[in-house]
Amino acid sequence: MQQIQKTQNKTPDLVLTQSIQKPQNKTFDLVLTAILIALVFIATFINIKLPIMAKGGLVHLGTAMLFTIAILFGPKKGAIAGAVGMGLFDIFGGWLIWAPITIVARFLQGFIVGKIAFMNGLKGTSMVMNIAAAVASVPVMLAVYYIGEVILYSNWIAPLASMPGDLLQNAIGLAIAIPLCAILKKTPYFRNM
């Protein structure tokens, strides 16, 4: 009889413990994702408007932050932070018409970088794979922006003018993100992931 009571008493504690831990993990994940979105959003405000582009265009640090997040946290967080962070920048930064294009382009870019960086259990630890991941994501980003601009301008030639700026933005992002990730991967938080 005592043995049955002990078993019955342990079960509610076990269920209670499991139900308390799950929301904390989901809450932490939600807060972390919100912080990563905010980092991309803020980094995108650090920008230079390119005078060479007739229709406008920016070189900003949002791409560096997208690369960094995707390499450190993987494809899901990279995609969400890139899409929402830069999409919000377009909405609040005066580029509203670009928001849908940006959301698609940066979602795909963040996902590709994270997916390649985390391939075969690497979890963003291989500098060569991280560089390859960022480089592989650029043509996809360029293609989405190109198609979006073709739709916006009803012109197949005009969108080509923004490609040099997009390439510069990605090159700067890569030059910042790779060394930053190498440093951050040595911290206890990322070593224990």
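A residue counts as buried when its relative accessible area is under 20% and as exposed when that area is over 50%, with partly exposed residues in between. This convention serves throughout the account below, which concerns a predicted model.

The protein chain comprises seven helices and two strands. Read from the N terminus, these elements follow the order α-β-β-α-α-α-α-α-α. Of the 193 residues in the chain, 40% are buried. The surface that the chain exposes amounts to about 11000 Å², and carbon and sulfur atoms supply 72% of this area. Contacts across the sequence also deserve attention: among those between residues at least 6 apart, 69% join residues at least 24 apart. Several individual pairs illustrate how parts of the chain are linked.

The aromatic residues offer a starting point, since the structure holds seven aromatic pairs. One of them is formed by Phe73 and Phe190, whose ring centres are 5.4 Å apart and whose planes meet at 70°, an edge-to-face arrangement. Phe73 belongs to helix H2 (residues 62-73) and Phe190 to helix H7 (residues 188-191), so this pair ties together parts of the chain that are 117 residues apart in sequence. Phe190 has a relative accessible area of 12% and is therefore buried. Phe73, with a relative accessible area of 17%, is likewise buried.

A further pair consists of Tyr146 and Trp156, with ring centres 6.4 Å apart; the pair is tilted because the planes stand at 45°. Tyr146 lies in helix H5 (residues 127-153), whereas Trp156 lies in the loop between H5 and helix H6 (163-184), so the parts tied together here are ten residues apart in sequence. The two partners are not equally covered. Tyr146 is buried, its relative accessible area being 18%, while Trp156 is exposed at 61%.

Helix H5 itself contains 27 residues and spans 39 Å from its first C-alpha to its last, close to the 39 Å expected at 1.5 Å a residue. Ser154 follows H5 and has a positive phi, near 50°.

Helix H4 (residues 99-117) may be considered next. Its 19 residues reach 26 Å from the first C-alpha to the last, close to the 27 Å expected at 1.5 Å a residue. The buried residues of H4 include Ala99, Ile101, Thr102, Ala105, Arg106 and Gln109. Further along H4, Gly110, Ile112, Val113, Gly114, Ile116 and Ala117 are also among its buried residues. An α-helix has 3.6 residues a turn, so residues three or four places apart point the same way. Against which elements do the buried residues of H4 pack? Their partners are strand E2 (58-60) and the helices H2, H3, H5 and H6.

Helix H3 leads to another aromatic group. Phe89 is located in this helix, and its relative accessible area of 3% places it among the buried residues. Together with Phe41, Phe45 and Phe92, Phe89 forms one aromatic cluster. When residues up to four places away in sequence are set aside, Phe89 touches Phe41, Thr44, Phe45, Asn47, Leu58, Gly94 and Trp95. The C-alpha atoms of Phe89 and Ala38 are separated by 9.9 Å, although these residues are 51 residues apart along the chain.

Two members of the cluster, Phe45 and Phe92, also take part in a feature of the surface. Phe45, Ile91, Phe92 and Leu96 make a nonpolar surface patch of about 430 Å². Ile91, which lies in helix H3, counts as partly exposed because its relative accessibility is 39%.

The final feature involves charged side chains. How many salt bridges does a search of the whole structure find? The search finds one. This salt bridge is formed by Asp29 and Lys77, whose closest N and O atoms are 2.3 Å apart. The pair connects distant parts of the chain, with Asp29 in helix H1 (residues 2-45) and Lys77 in helix H3 (residues 75-92), 48 residues apart. Is each partner buried, or partly exposed, and on what grounds does Lys77 belong to its class? Lys77 counts as buried because its relative accessibility is 11%, whereas Asp29 is partly exposed, with a relative accessible area of 29%.

Terms used. Residues are numbered from 1 along each chain as its sequence is written. This is a predicted model: local features need pLDDT of at least 70, side-chain atom pairs count only at pLDDT 80 or more; totals for chains, interfaces and linings use all residues. Side-chain values use heavy atoms; hydrogens and water are left out. A salt bridge is a side-chain nitrogen of Lys or Arg within 4 Å of a carboxyl oxygen of Asp or Glu. Helices (H or I, at least four residues) and strands (E, at least two) are DSSP runs, numbered from the N terminus. Buried means under 20% relative accessible area, exposed over 50%, partly exposed in between (1.4 Å probe, protein chains only). Contact means heavy atoms within 4.5 Å. Accessible areas come from the Shrake-Rupley method with a 1.4 Å probe; for residues, only the protein chains shown count as cover. Patches are made of residues with over 30% relative accessible area and no salt bridge: like charges are joined within 9 Å, nonpolar side chains (Val, Leu, Ile, Met, Phe, Trp, Tyr) within 5 Å. Rings of Phe, Tyr and Trp (its six-membered ring) pair if their centres lie within 6.5 Å; planes under 30 degrees apart count as stacked, over 60 as edge-to-face and the rest as tilted. The expected span of a helix is 1.5 Å times one less than its number of residues.
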